[in-house]
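Okay, thanks for squeezing me in. Let me put the structure up and walk you through it.

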Amino acid sequence: MEATAARRSAFALARSRPLPRFRRTGRLNDLLIYRGYSFPTAYSGSAFIAFHGSWNRAPFPQGGYNVVFQPLAGGKSSANYVVFADGFAGAKKEPGEAAHRPSGVAAGPDGSLYISDDQKGRIWRVTFHGDSKTTGITAAPSPTVVNETTGSVGGDAQPPEGIHPNAGSAAAANLPTPPGQTKDQVALGAEIFHGQNGATCTGCHGTNAKGTPLGPDLTAKHWLWGDGSVPSIAQTITNGVPNPKNYRSSMSPMGGAQLTPRDVLALADYVWALNNQNEAKD
Ligand code: HEC
């Protein structure tokens, strides 16, 4: 496969001539020269590098546990790297304690970027939605620093899907709140929908909930099961859909995850909110 071949040669290149900037930093785990077409053109032909995280990094700032983007020209670095995705480690940047450790990067046939984690086995799929002629490269938001004394963590030291502006609670910020529910519930539902607590909703319904070949659009206000009320959506999520009307494969109860009734209610609030955006009064 093309991607694999590109990755091999890129990896060999990185080994024989390490980019000085990365030499003493978090452990370089995988490198991919991006040849897909779905990211902005500024990304093509340059490298995504997964840093697995290092134990003893002081005093260097690059502690790993992230994916960086290194602009390349003619096989050499042509500009400073930027942190592309961050926040994998969560509260503790230590090998045994990190929530996630990026271990691999690969490109899908559609040009999306996959990042794997060998701590908990999670896979992230990074897609780009916007003008592909964009030339600017912007860094990921930095995760919040942990307070070493109290151990407390800032609110956004979450895996990247939680802090990325297009995902998780940020996506819920402008959504309406179902009657009798809270904004926090909707935000929690958004987090769970995007993978928190082991849920896999996005795998079938898509990151934007607008459907994939495995599951329907959940934003179209068109209900095959129930009446679109929060309780009926919660019931569908709890029971799953053993005999789909329009899809070949079924949806397992809770999409196959182990969720509490509170999680399910939060998900139902989020799905309801996705379908009632225009009715929002404030
Ligand atoms: C394995 C794929 C898969 C996963 C994972 C999955 N779903 Fe589904 N979902 C489906 C299919 C298939 C249907 C039924 C569509 C049909 O009947 O044609 C469905 C239906 C639904 C419906 C009912 C839509 C309607 O028209 O009434 C809701 C709500 C829903 N899913 C929410 C979720 C949530 C929330 C999650 C995560 C906890 C989830 N799903 C996980 C495949 C999936």
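Let's start with a quick one: which helix does Arg262 lie in? That's H7. And keep in mind throughout that we're looking at a predicted model.

So, Arg262 sits in helix H7. Buried or exposed? Arg262 has 11 C-beta neighbours inside 10 Å, and the cut-off for exposed is 12 or fewer, so Arg262 counts as exposed. Now look across to Gln185: Arg262 and Gln185 are 77 residues apart in sequence, yet C-alpha to C-alpha they're 8.8 Å apart in space. Gln185 is one of the buried residues of H4, and that takes us to the helix packing.

Before that, the overall picture. The protein chain has 282 residues, and 37% of them count as buried. Its secondary structure comes to seven helices and nine strands. If you take the contacts with a separation of 6 or more, 55% are between residues 24 or more positions apart.

Right, H4. Helix H4 runs over residues 183-193 and is mostly covered, with nine of its 11 residues buried. Among the buried ones are Val186, Ala187 and Leu188, and also Glu191, Ile192 and Phe193.

What does H4 pack against at about 95 degrees? It's H7, with the two axes 7 Å apart. With 65 to 115 degrees as the range for roughly perpendicular, H4 is therefore roughly perpendicular to H7. From the H4 side, the residues involved are Gln185, Val186, Leu188, Gly189, Ala190, Ile192 and Phe193. From the H7 side, they meet Asp263, Leu265, Ala266, Leu267, Asp269, Tyr270 and Ala273. By class, that H4 and H7 contact has 10 nonpolar, two polar and two charged residues.

H7 has another partner to talk about, and that's H6. The axes of H6 and H7 come within 8 Å and cross at roughly 120 degrees. Why do we call this pair oblique? An angle of roughly 120 degrees is outside the 65 to 115 range for roughly perpendicular and not over 145, where roughly antiparallel begins, so H6 and H7 are oblique to each other. As for handedness, H6 passes H7 in a right-handed crossing. In H6, the residues to click on are Val230, Ile233, Ala234, Ile237 and Thr238. They meet Val264, Leu265, Leu267, Ala268, Asp269, Val271 and Trp272 in H7. The tally by class for H6 with H7 is 10 nonpolar, one polar and one charged. Leu265, Leu267 and Asp269 of H7 appear in the contact with H6 and also in the contact with H4.

Next, the ligand. How many residues are around the ligand? There are 31, and Cys201, Cys204, Gly215, Met251 and Gly255 come nearest. Those residues around it divide into 20 nonpolar, 10 polar and one charged. H6 and H7 turn up again here: along with H5, they each supply at least two residues of the shell. H5, residues 201-205, gives the largest share, four residues.

A few backbone oddities while we're in this part of the chain. Just after H4, Gly195 takes a positive phi of about 120 degrees. Then, in the loop between H4 and H5, there's Asn197. Asn197 has a positive phi of about 60 degrees although it's not a glycine. With 15 other C-beta atoms within 10 Å, Asn197 is partly exposed. Ala209 also has a positive phi without being a glycine, near 65 degrees. You'll find Ala209 in the loop between H5 and H6. Ala209 has 23 other C-beta atoms within 10 Å, and the cut-off is 20 or more, so Ala209 is buried.

Last stop: Val68, in strand S3, residues 66-70. With 27 C-beta neighbours inside 10 Å, Val68 counts as buried. What does Val68 touch, leaving out residues up to four places away in sequence? The list is Ile49, Phe51, Tyr81, Val82, Val83 and Phe84. Leu31 is 37 residues from Val68 along the chain, and their C-alpha atoms are separated by 9.6 Å.

That's my tour, so over to you for comments.

Notes. Residues are numbered from 1 along each chain as its sequence is written. This is a predicted model: local features need pLDDT of at least 70, side-chain atom pairs count only at pLDDT 80 or more; totals for chains, interfaces and linings use all residues. A residue is near a molecule or strand if its C-beta atom, placed from the backbone, lies within 6 Å of it. Ala, Val, Leu, Ile, Met, Phe, Trp, Tyr, Cys and Pro count as nonpolar, Asp, Glu, Lys and Arg as charged, and the others, Gly among them, as polar. Axes are lines fitted to C-alpha atoms, for helices over the stretch in contact, and angles run from 0 to 180 degrees between N-to-C directions. Angles under 35 degrees count as roughly parallel, over 145 as roughly antiparallel, 65 to 115 as roughly perpendicular and the rest as oblique. A crossing is left-handed if the near helix is turned anticlockwise from the far one by less than a right angle, and right-handed if clockwise. Two residues are in contact if their C-beta atoms, placed from the backbone, lie within 7 Å.
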